[in-house]
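This report covers the ligand site and two backbone features. Please read it alongside the model.

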Amino acid sequence: MLHPIELPSQIDTRPIPPAVAAKLSSMRARIEAFQDCWDQHRAEQFVAADYELVYQTLDWVRQQQPLIGSRFLEWGCGFAAVACLADELGWNAHAIEAHVDLIVQARKTIASWPAKVDLLEGNFLPPGAAGLAFDPTLPSLGHAGESAYEAWGLDLDDFALVYSYPWPGEDEFHEDVFDRYAAIGAMLLMFIGPNEMRLLRKVRD
Ligand SMILES: C[S@@+](CC[C@H](N)C(=O)[O-])C[C@H]1O[C@@H](n2cnc3c(N)ncnc32)[C@H](O)[C@@H]1O
């Protein structure tokens with residue numbers, strides 16, 4: 001089962017190094033330019049999180065929470081900004097994205113940051129996980145492409161921390177997938193919406 005971990009209310013006052021803030025501000029400009037060409041890309045599932053808040057939360061987790069390892073995975077990475085932030089903070093960063101145009105953008109981000117991120121084009125759902133969905137129209141379902149884990153020779157239970165930005169209403173599905181496939185002690189961090197992050201740890205039933 002998943003156990004919620006309370007995040008400090010002052011987490012958004014944690015310092016962000018100026019070099020990281022500068023990278024995030026140029027990232028935002030790139031994302032806006034990309035979204036202005038929406039007709040061209042049709043990456044309608046891509047919405048950017050609040051990366052400053054995600055950085056502050058990842059930093060807090062790394063410093064304050066017991067970790068079962070250092071492997072980090074971004075589910076549906078878009079531009080891979082969060083995976084780069086994770087690398088910046090010392091995580092062994094991995095990222096998966098299904099949309100071909102976003103994979104191109106993710107590669108650009110990783111190269112220009114520069115960051116060490118293991119990036120794969122494919123489906124972040126482990127084989128069989130789609131069967132846990134209570135609604136067949138959830139945006140995380142129906143993506144073409146292989147489940148990415150096999151290419152790495154890893155499974156979801158090899159990751160200490162998974163990050164996702166679920167569409168409204170699919171947070172429960174992400175939690176169910178994590179609860180089914182992650183290791184005991186691993187954590188799921190979700191960006192839920194403005195000023196709202198959720199952190200959960202898998203514990204024994
Ligand atoms: C709301 S965006 C979040 C992007 C980024 N993680 C962030 O926090 O800014 C969700 C992303 O997940 C991708 N995605 C959705 N379902 C997926 C799946 N099953 N496998 C891989 N990528 C998926 C979408 O293409 C989209 O880029």
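In this predicted model, an N or O atom in the side chain of glutamate 97 lies 2.6 Å from an oxygen atom of the ligand. The protein covers 97% of the 590 Å² of accessible area that the ligand has on its own. Two backbone contacts accompany the one from the glutamate 97 side chain, as the table shows.

| Residue | Protein atom | Ligand atom | Distance |
|---|---|---|---|
| Glutamate 97 | side-chain N or O | oxygen | 2.6 Å |
| Glycine 76 | backbone N or O | nitrogen | 2.8 Å |
| Alanine 49 | backbone N or O | oxygen | 3.1 Å |

Which residues come nearest to the ligand? Of the 22 around it, they are Tyr51, Glu74, Gly76, Glu97 and Tyr163. By class, this shell has 13 nonpolar, seven polar and two charged residues.

The ligand takes up the space of the largest pocket. That pocket has a volume of about 500 Å³. It is lined by 32 residues, of which Gln45, Gly76, Glu97, Tyr165 and Trp167 are the closest to its centre. Gly76 and Glu97 thus appear among the residues closest to the pocket centre and also among those nearest the ligand. The lining of the largest pocket is made up of 18 nonpolar, nine polar and five charged residues.

Two backbone features remain. Most residues other than glycine have a negative phi, and most peptide bonds are trans. Alanine 80 is not a glycine, yet has a positive phi of about 65°. Alanine 80 is placed in the loop between β2 (71-75) and α4 (81-88).

The peptide bond joining tryptophan 113 and proline 114 is cis, with omega at about -15°. Where is proline 114 found? Proline 114 is in the loop between α5 (100-112) and β4 (117-121).

Note on methods: Residues numbered from 1 in each chain as written. Predicted model: local features only at pLDDT ≥ 70, side-chain atom pairs only at ≥ 80, totals over all residues. Heavy atoms only, no water. 1 Å grid on protein atoms, 1.4 Å probe; cavity = no way out; pocket = protein on both sides within 12 Å on 5 of 7 lines; lining within 4 Å. Points joined across faces, edges and corners; volume = space filled by probe spheres on them. Nonpolar A, V, L, I, M, F, W, Y, C, P; charged D, E, K, R; others polar. Near = heavy atom within 4 Å. Polar contact = N/O pair within 3.5 Å; in protein donor to acceptor, adjacent residues only side chain to side chain. Areas by Shrake-Rupley, 256 points an atom, 1.4 Å probe, with all protein chains shown as cover. Sits in = over half its atoms within 2 Å of the grid points. Helix = DSSP H or I, 4+ residues; strand = E, 2+ residues; numbered from the N terminus.
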